[in-house]
Amino acid sequence: MPNSPQHRVAELRDLLQKHAHLYYVLDAPQVSDAHQWFQELQAIEDQHPELCTIDSPTQRILGKVLDGFTPVQHAVPMLSIRTETDITDEGALSFDTRIRKELQYNPLDPAIEYSCELKFDGLAVNLRYENGTLKQAATRGDGQVGEDVTQNIKTIHQIPLRLMGKAPAILEVRGEVYMRRDDFEKLNETQRQRIAQGMRHEKTFVNPRNAAAGALRQLDPAIAAQRPLSFYAYGTGEVSGWADLDVPTPPTHSQMLDALQAYGLPVNRLRKVVMGGQGLAGYHHEIEHLRSSLPFDIDGVVYKVNAYTLQNELGFVSREPRWAVAHKYAAQEEMTVVRDIEVQVGRTGKLTPVAKLEPVFVGGTTVSNATLHNEDEARRKDIRIGDTVIVRRAGDVIPEVVGVVFERRADPAPHAFDMVARLSGQCPICASPITREPHEADWRCTGGLYCPAQRKQALLHFASRRAMNVDGLGDKLVDQLIDASLIRKIPDLYRLTQEQLQELDRMGAKSAQNLVQAIAASRHTTFARFLFALGIRHVGETTAKDLARHFGSWSGLCQASRDDLLQVNDVGPIVADSLLNFLGQEHHLEIVNELKALGVYWPEMVPLSASLESNMARPLLGKILVLTGTLPHMSREEAQAKIEGLGGKVTGSVSRKTDYVVAGFDAGSKLEKAQALGVKVIDEAELLQLLS
């Protein structure tokens, strides 16, 4: 029935499958409300457990923790293929020669058609679909027997739980589980943070393949779901029942891949059908040029005779098919020597140790620097100056030291890396003190506004919309201003002239005039905006407002003790120490004074700690207001600034604690909730009366 739970469940599953395919496989999302569909499906299945099936999208990460992996006997063995280590054209040409010889072709016979694919650096798996539903997933194992990893495979959103269209009764899909390089870097960064927080059982991963293997063999699928795995299909195992379908069985390997793609499985787009040995060599060159730009690791390409009839004729030798070969590329790991360890300062003040290497050719380029990430990572790997190390580079990933060849270490061993000792406790760029907060992996420069290495980031933040709101000052323009030495420190922004700006690339007279006017307009701001604009670590927009309310003025904040700061709403020891650190550096105070001298101004506020008489000047002190709809004469930001300037607090949701809801045109659900709760509703005119 159209309105029955069964009908809605089927409808929701189709919607979720379609849009999951668009999002995870085709990278072409079309909707933003899939999460609501998922929640609706989950609710219906909770009410009607009999409607919950193993191919439901809600069942991806619901498996129980396993005691171990169950062995799986492969219906069709998962055989390895021979590797061609001659990385020149001869490797491709010799394979074609062998195939022609096995098929007893003479020189006048036509060229053989081959299907060419990438050789992914991941783990081979077998997905068994029965009547279109994923029933089991297994690792390759020894080729005959693998391990059941169905629960973990279900956490990979690229892999459909139910195939699109009508599928054979049995279809085993073979492919590679891998991890993208960007996902690998994010995972390792998370692991480093966890280690720094005292989670000693955690570890970083050497390469994406090891990370993927560790994720796939997690006994807890919830943990596996946190590891970002991907999948590509590249072949089939057991297939039964194709004759019952309306379409003929694909006669070639490339057409079978097309069929798998039509079923909703991800198949890499860089596959290609070529003719003869020269076609194979050409494909090998083509992928080699693309290799460094790929978002994942490959160590070669795979050639397969395309026609299944010829594959059957060629057969197998030992445990390898005669009709396929993997053609390798040069290694992406090499050994070299650490000549020095230097420290780089990032745009946000993060200090990163970098190994200066004896130049080595690896991954298609000469590498002379490799990141050590942070002090803890350098110590965990025990990397020291003079060590022989293994360096890895894969594509656009910054080269990194994988590990030390300890048997080649000098005796006596050099000292372990120590950030404070190496830098004498100071930033190598601006000589400001360096600091590392408890449970953080990174040391940081405290120079902030003063440090040249942080100049661009500091300026972009200072000028951003929620800070000083300098309209038109974007990323590329900031680059030009810094490169032209027009801005060496933040106050230089207020010294720019229209004539200077017109000299910049793509900056006409009108654009220059508009920017000068926007800079001038930003001079008049609020204390909270100015505090936020300074980019003090841990002082976000909300904390800046709380500090402005509490102290009322810059001088009041500068005179505050640690105990005074801890009295501010939501200010804890970390924020208080960060503020004291910032305010304790003379160059920061000089920059603020310089900005004030250049006309940057904000009205002072009566602090919360003032007397009752002062509170009369702050009629909204302690009041909570919510803004909804469009006000006739003020923007929401203007209204919020005025409210906060008089001691009020603006929140985004209505509750029984709300004192006023200010309703403008087209006020929506917040107005309705206010009326339901009995909260006082006022318009802009009444708000102005309160403000006056």
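In strand S23, Val-662 is the bridge partner of Leu-627. The model is a predicted one, and this pair belongs to the contact between S23 and strand S21 (residues 624-628), two strands that run parallel and are joined by four bridges. Zooming out, S21 and S23 sit in an open sheet of four strands, ordered S22-S21-S23-S24 and paired in parallel fashion. At the edges are strand S22 (649-651) and strand S24 (680-682), each of which pairs on one side only. From one strand to the next, the twist averages 35 degrees.

Helices come into the picture too. H25 lies across S21, S23 and S24, and runs at about 140 degrees to S21. Helix H26 (residues 684-691) also packs on the sheet, where it touches S21, S23 and S24; the direction of H26 makes about 100 degrees with that of S24.

Between strand S23 (660-663) and helix H25 (669-677) comes a loop, and Asp-666 lies in it. Asp-666 is not a glycine, yet its phi is positive, at about 60 degrees. Most residues other than glycine have a negative phi. Asp-666 counts as exposed because its relative accessible area, 76%, is over the 50% cut-off.

A second positive phi turns up at His-373, again in a residue other than glycine, with a value near 70 degrees. His-373 is found in the loop between strand S16 (365-371) and helix H11 (375-380). With a relative accessibility of 11%, His-373 falls under the 20% cut-off and so counts as buried.

Backbone geometry has another oddity to offer at Asp-411 and Pro-412, which are joined by a cis peptide bond with omega at about 5 degrees. Most peptide bonds, by contrast, are trans. Pro-412 lies in the loop that runs between strand S18 (400-404) and helix H12 (419-423).

Over in helix H5 (residues 181-196), Asn-188 has its place. Its relative accessibility is just 2%, so Asn-188 is buried as well. Setting aside the neighbours within four places in sequence, Asn-188 is in contact with Thr-204 and Phe-205.

As for confidence, the protein chain has a mean pLDDT of 86, and 90% of its residues reach 70 or more. Broken down by element, the highest mean pLDDT, 97, belongs to strand S9 (residues 272-275), while helix H23 (residues 612-615) has the lowest, at 44.

Terms used. Residues are numbered from 1 along each chain as its sequence is written. This is a predicted model: local features need pLDDT of at least 70, side-chain atom pairs count only at pLDDT 80 or more; totals for chains, interfaces and linings use all residues. Side-chain values use heavy atoms; hydrogens and water are left out. Buried means under 20% relative accessible area, exposed over 50%, partly exposed in between (1.4 Å probe, protein chains only). pLDDT is the predictor's confidence in each residue, from 0 to 100. Contact means heavy atoms within 4.5 Å. Two strands pair if DSSP finds at least two bridges between them. Axes are lines fitted to C-alpha atoms, for helices over the stretch in contact, and angles run from 0 to 180 degrees between N-to-C directions.
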